[in-house]
Amino acid sequence: NNRRFDNSLLVIVSGDDESLPICIIIDVLTRRNGVNSTIIGNVENFIDPFFDIDFQRYINKLSKRVKGKTIIIVVSHNGTAIRFLHSSLVNQDVKEKYEIIVFSNNTIKEKLEKLVSSPIYTDIEPFLSKLEIKNTN
């Protein structure tokens, strides 16, 4: 395991069934580089008016396991799920402890770029490079 990742956590969440295999690939690739990661899975069917509070609590619970930053990766081809998950975390009081990164397709990226303050990636290579840089700082 790589020591430089010990203080951070990567939480991978899917916003639809089609994105779950991508979440698993990201998990495998990042774990091979020594990243402490966990997959929440597909939350699309659980989104309701109270889900954001439950989601925030769960992320808070996970992030207490590490001293460093928690990076949440939202992988989805569902714009509504991305916006919901993003807004439930970006409005947190502990924003400096969290970083949100979105992974989707070009169509969703074009639609959401101005609506979502977090970076949106469509290609795995620059996305993994970004994670590598984040975790070495």
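Leaving aside neighbours within four places in sequence, with which residues is S19 in contact? In the predicted model, S19 occupies the loop between β1 and α1, and its contacts beyond that sequence window are S14, V75, S76 and H77. The relative accessible area of S19 is 0%, and the residue is therefore buried.

The chain as a whole comprises five helices and five strands. Read from the N terminus, these elements follow the order β-α-β-α-β-α-β-α-β-α. Of its 137 residues, 45% count as buried. Contacts between residues at least 6 apart in sequence were also examined by separation, and 75% of them join residues at least 24 apart.

The nonpolar interior was considered next. In soluble globular proteins, nonpolar side chains tend to be buried together. In the present model, the largest nonpolar core contains 22 residues, of which V13, F55, I59, I72, V74, I82 and L85 touch the most other members. The elements β1 (9-14), α2, β3, α3, β4 (98-103) and α4 (106-112) each give two or more residues to this core. Apart from it lies another core, made up of 14 residues and including I12, I26, I71 and I73. L85, one of the residues of the 22-residue core that touch the most other members, is in contact with V13, V43, F51, F55 and V74 when residues up to four places away in sequence are not counted.

Helix α2 (residues 51-63) and helix α3 (residues 79-90) form a helix pair whose axes come within 9 Å and cross at roughly 60 degrees. Because of this angle, α2 is oblique to α3. The crossing of α2 past α3 is right-handed. From α2, the contact involves F51, D52, F55, Q56 and I59, and from α3 it involves F84, L85, S88 and L89. Classified by residue type, the contact of α2 with α3 has six nonpolar, two polar and one charged residues. F55, I59 and L85 take part in this contact, and these residues are also among those that touch the most other members of the largest nonpolar core.

Strand β3 spans residues 70-75 and includes T70. The relative accessibility of T70 is 0%, so this residue counts as buried. With residues up to four places away in sequence not counted, T70 touches L9, V11, S63, K97, Y98 and E99. Strand β2 (residues 37-42) contains I40. I40 has a relative accessible area of 26% and is therefore partly exposed. Its contacts, leaving aside neighbours within four places in sequence, are V11, I12, V13, F55, Y58 and I59. V11 is thus listed among the contacts of both T70 and I40. The C-alpha atoms of I40 and L20 are separated by 9.8 Å, the two residues being 20 residues apart along the chain.

Two residues of helix α1 were examined. T30 lies in this helix, which covers residues 20-32, and P21 is found there as well. Is each of these residues buried or partly exposed? T30 counts as buried because its relative accessibility is 3%, whereas P21 is partly exposed because its relative accessible area is 45%. Not counting residues up to four places away in sequence, T30 touches L10, V35, S37, L128 and L131. One of these partners, L10, is 20 residues from T30 along the chain, with a C-alpha separation of 8.7 Å. For P21 and G41, which are 20 residues apart in sequence, the C-alpha to C-alpha distance is 9.7 Å.

Towards the other end of the numbering given here, D123 is located in the loop between β5 (120-121) and α5 (124-136). At 41% relative accessibility, between the limits of 20% and 50%, D123 counts as partly exposed. D123 and N105 are 18 residues apart in sequence, and their C-alpha atoms are 8.3 Å apart in space.

Key. Residues numbered from 1 in each chain as written. Predicted model: local features only at pLDDT ≥ 70, side-chain atom pairs only at ≥ 80, totals over all residues. Heavy atoms only, no water. Helix = DSSP H or I, 4+ residues; strand = E, 2+ residues; numbered from the N terminus. Buried < 20%, exposed > 50% of the residue type's maximum accessible area, 1.4 Å probe, protein only. Contact = heavy atoms within 4.5 Å. Axes fitted to C-alpha atoms, helices over the stretch in contact; angles between N-to-C directions. Parallel < 35°, antiparallel > 145°, perpendicular 65-115°, else oblique. Left-handed = near helix turned anticlockwise from the far one by under 90°. Nonpolar A, V, L, I, M, F, W, Y, C, P; charged D, E, K, R; others polar. Core = buried A, V, L, I, M, F, W, Y, C linked by side-chain atoms within 4.5 Å.
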